[in-house]
Amino acid sequence: MRAFLASTIGVACAAALSLPVALPAGAAAPSASRQPAGTVAGAGQPAGGTQSLPLTAPAGADRSAGAAARVLPPRTVRPYSMLGIVWDDAGEELHGRAQVRTRSTASGQWSGWRDLSAHHDDAPDPVPGERRRGGTAPLWVGASDGVQVRVVPERTAHRAPAAFPAGLRIELVDPGGDPGGGPRDRAGGLTTAERQSAAANAELAPIGATEIAPLGRAATEEAARRSAEPRAASRYIGPRPGIVIRRGWGANESWRERRFPYTKTVRTAFVHHSGTGNGYSCAQAPSVLRGIYRYHVHSMKWRDIGYNFAVDKCGTIYEGRAGGVARAVQGAHTLGFNHNSMGIAVLGTYDAARPSRQAVEAVAKLTAWKLGLFGRNPAGSGTRVSLGNTKYPKGTRVTLRVISGHRDGFYTDCPGARLYDRLGGIRGLAARLQGR
């Protein structure tokens with residue numbers, strides 16, 4: 001996720017003078033805002049929902065040249081655990097600093113201001129006639145029932161503030177629980193969409209399973225030889241790790257588009273951090289994933305969750321985008337290079353925080369196995385051709401490591417400096433696990 005420009009920091013203090021006065025930590029919201037507001041999207045789903053609230057200019061603010069801030073005064077809302085800011089056109093950027101404060105349902109206390117980071121570089125490649133929303137990275141804030149927002153315009157010595165994109169809204173996401181209690185068909189207790197998702201992993205786990213069991217090296221090699229999927233022949237493959245598939249983390253299969261998008265092969269593994277913060281427990285990781293999934297599909301209008309895989313701080317590996325963990329499923333994670341690649345998101349934010357040893361090892365195990373299926377050396381490099389982004393225009397030939405950070409393919413800080421620094425060790429371990 002691309003961090004906001006440093007130039008916004010200096011203006012934030014001055015611009016904040018025109019914003020509503022922030023409540024001190026622990027203060028209750030004004031009584032006028034005690035009624036929950038917002039529309040719940042997906043109200044017919046077994047659990048969860050999204051409240052979508054517009055951000056507006058403060059009364060009396062200067063609206064010329066897009067200079068006015070956009071705010072949401074402190075207010076009480078229905079319980080939620082994740083949030084993000086979206087706007088109408090994915091082709092536009094948010095030239096400003098977006099911050100939020102939230103109120104915990106457990107303590108009733110208000111948090112300090114927290115930054116949201118821009119997110120449009122994690123996106124599907126453009127499809128003719130298809131429109132997607134722009135948005136920040138979602139932020140996991142834990143169970144909350146209050147929110148306050150301010151978006152301060154970016155100012156520099158050489159440029160007037162850019163106008164904000166149209167349709168700025170805060171999305172408050174309740175990830176809900178496992179939708180397993182929803183409508184079922186009569187053939188084995190699964191809906192058609194659930195059965196379709198499970199069938200994509202049928203070689204690896206029985207229909208209705210919640211996870212794929214790990215295999216040793218010899219069993220993994222034998223399974224690869226027996227596979228019906230055409231792949232590059234290679235004697236180098238890492239042991240298959242255990243993977244929690246979509247049914248295991250509670251993905252609601254009715255949300256995604258039915259068709260699975262495939263590419264020819266997997267040439268690059270792009271490592272990301274989710275940018276959702278580190279304040280989650282490992283037991284909450286499935287909820288974090290359901291929140292990201294809901295945000296990507298309902299708020300950003302994507303076809304499915306963007307990442308092919310996710311890894312939590314305890315080293316658990318999760319299937320992301322549907323279509324089969326052993327297949328070349330095209331994700332939406334590195335604009336310009338989504339084809340013939342896979343995206344792995346380590347849940348959390350690793351600009352300053354150190355990723356756990358378990359998470360780092362899990363990424364190495366996953367890449368040793370998946371890249372091995374397609375004959376790739378995790379310690380190698382290769383030439384890729386960009387389909388177009390702000391760093392590499394369409395048609396640019398780029399040499400990338402087989403295991404790359406998101407920042408290698410796009411102007412972004414992702415996967416955070418502390419995780420990016422671990423990629424060399426991940427490559428080395430993955431190569432050893434392949435027997436190289």
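Is Glu 257 buried, partly exposed or exposed, and at what relative accessibility? In this predicted model, Glu 257 has a relative accessibility of 36% and therefore counts as partly exposed. The partner of Glu 257 in a salt bridge is Arg 303, with 3.4 Å between the closest N and O atoms. Because Glu 257 lies in the loop between α4 and β11 (268-273) and Arg 303 in the loop between α5 and β12, this pair ties together parts that are 46 residues apart in sequence. Arg 303, at 15% relative accessibility, counts as buried.

In total, eleven salt bridges are present in the structure. Another of them joins the side chains of Asp 304 and Arg 246, at an N to O distance of 3.2 Å. Distant parts of the chain are linked by this pair, as Arg 246 belongs to helix α4 (residues 246-249) and Asp 304 to the loop between α5 (285-299) and β12 (309-311), with their positions 58 residues apart in the numbering. Both Asp 304 and Arg 246 are buried. These two residues also take part in a network of salt bridges that includes Glu 253 and Arg 256.

A further salt bridge is formed within helix α6 (residues 357-373). Here the side chains of Arg 357 and Glu 361 meet at 3.4 Å, N to O. The two residues are four apart in the helix, so about one helical turn separates them. Arg 357 has a relative accessibility of 51% and thus counts as exposed, whereas Glu 361, with a relative accessible area of 28%, is partly exposed.

Key. Residues numbered from 1 in each chain as written. Predicted model: local features only at pLDDT ≥ 70, side-chain atom pairs only at ≥ 80, totals over all residues. Heavy atoms only, no water. Salt bridge = Lys/Arg side-chain N within 4 Å of Asp/Glu carboxyl O. Buried < 20%, exposed > 50% of the residue type's maximum accessible area, 1.4 Å probe, protein only.
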